[in-house]
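Here are my notes on this one, point by point. Have the structure open alongside while you read.

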Amino acid sequence: MSGNVTQKRCLPKWMETLYQQKNGPESSNTDLSKSKTLFCADGDINAGNIKSAVLSSQQSSSKHPVDIVSLSMPLLRFCGSLVYTAYLTDCACLCQDIVSGLGLCEKAVIGFDMEWPVTYQKNSEDKTALIQMCLSDKTCYLFHVGAMSSFPKPLENLILDQRVILVGLNIASDLWKLARDFDVRVKISLDRGSVVDVGTLARQILKTSERWDLDGLCRNVLGHRLDKDHKIRCGNWSDVPLSEEQKLYAANDALASLLIYKKLQEIGLKQN
């Protein structure tokens, strides 16, 4: 042989279409190794899914390439045991069971989120209706505190327990709202550093200035997307009982925070 010749591998037509939409028409013969930004490293994403999304999107020029890839990602869905209660005594018993099951030394990481009815009145905000606490991908608790006669003391004890690390997006703001709504002493946990904002953690670990919403974090960290149905998100969270769709939506958000935190911790350990 007269010399080594490096041959470029051409993109398949459907990949080329997506890459051109993202990078311009001059990039049609780009090396495959340079097209990694089209795909997430994690998640059950495959070429067939993305190809299907691209082909269908060719009929709608309004689709942004990032949207095309996002729609090809699998939905994050909680499939474990979902425990919901709107009763004060039940909530108290459940929280006492959770606290009694906490280890003596090891910290318990809990995915945390809250829901309340959306109001469109200026300078008006409804009280917290629901608190979600996801202990694992197998167990998630939904406490409908808005339907209870008072805020359960065992739930406050669980939130403030020094063995618990609460993780969520914009979680400090949520906790301060809880303090305003029910006079929960959240400053104890905040001052102790028992609260982790997964958005802030993502910017630190991934070395980025991006401010993603929870769905954006899911897509970029987990390679999954969240079903953020507007009708559910802006529905009446004061309804008792909540619909099955509302319960699943709420559990998905808490699970997402927990999984994002764990994945970022893994990435951080590899960096060290």
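1. Let's begin in the middle of the sheet; bear in mind that this is a predicted model. In β5, Val164, Leu166 and Gly168 point one way while Ile165 and Val167 point the other, and all are buried. That fits the usual pattern: in a regular strand, side chains alternate between the two faces of the sheet. With five of its five residues (164-168) buried, β5 is largely enclosed by the rest of the structure.

2. Which strands does β5 pair with? β2 is joined to β5 by four bridges, and the two run parallel. Strand β6 (residues 195-197) also runs parallel to β5, with three bridges between them. For specific contacts, look at Val109, which stands opposite Ile165 in β5, and at Val167, whose bridge partner in β6 is Val196.

3. β2 turns up again at the largest pocket, which has a volume of about 650 Å³. The lining takes in 30 residues, and those nearest the centre are Asp113, Asn170, Lys228, Arg233 and Asp253. Elements that give two or more residues to this lining are β2 (108-115), α8 (198-205), α9 (214-222) and α11 (244-271). The largest share, four residues, comes from β2.

4. If you plan to look at the chemistry of that pocket, the lining splits into 13 nonpolar, four polar and 13 charged residues.

5. On to the rings: the count comes to three aromatic pairs. One of them is Tyr141 with Phe143, which is stacked, at 5.9 Å centre to centre and 15° between the planes. Both Tyr141 and Phe143 are buried.

6. Why does the pair of Trp237 and Tyr249 count as tilted? The ring centres lie 5.9 Å apart and the planes sit at 45°, so the pair falls in the tilted class, between the 30 and 60 degree cut-offs. Trp237 is in the loop between α10 (230-233) and α11, whereas Tyr249 is in helix α11, so the pair ties together parts 12 residues apart in sequence. Trp237 counts as buried because its relative accessibility is 0%, and Tyr249 counts as buried at 4%.

7. One last ring to check is Trp116: Lys177 lies over its face, at 4.8 Å from the ring centre.

Key. Residues numbered from 1 in each chain as written. Predicted model: local features only at pLDDT ≥ 70, side-chain atom pairs only at ≥ 80, totals over all residues. Heavy atoms only, no water. 1 Å grid on protein atoms, 1.4 Å probe; cavity = no way out; pocket = protein on both sides within 12 Å on 5 of 7 lines; lining within 4 Å. Points joined across faces, edges and corners; volume = space filled by probe spheres on them. Nonpolar A, V, L, I, M, F, W, Y, C, P; charged D, E, K, R; others polar. Buried < 20%, exposed > 50% of the residue type's maximum accessible area, 1.4 Å probe, protein only. Pairing = 2+ DSSP bridges. Phe/Tyr/Trp six-rings, centres within 6.5 Å; stacked < 30°, edge-to-face > 60°. Lys NZ or Arg CZ within 6 Å of the ring centre and 35° of its normal.
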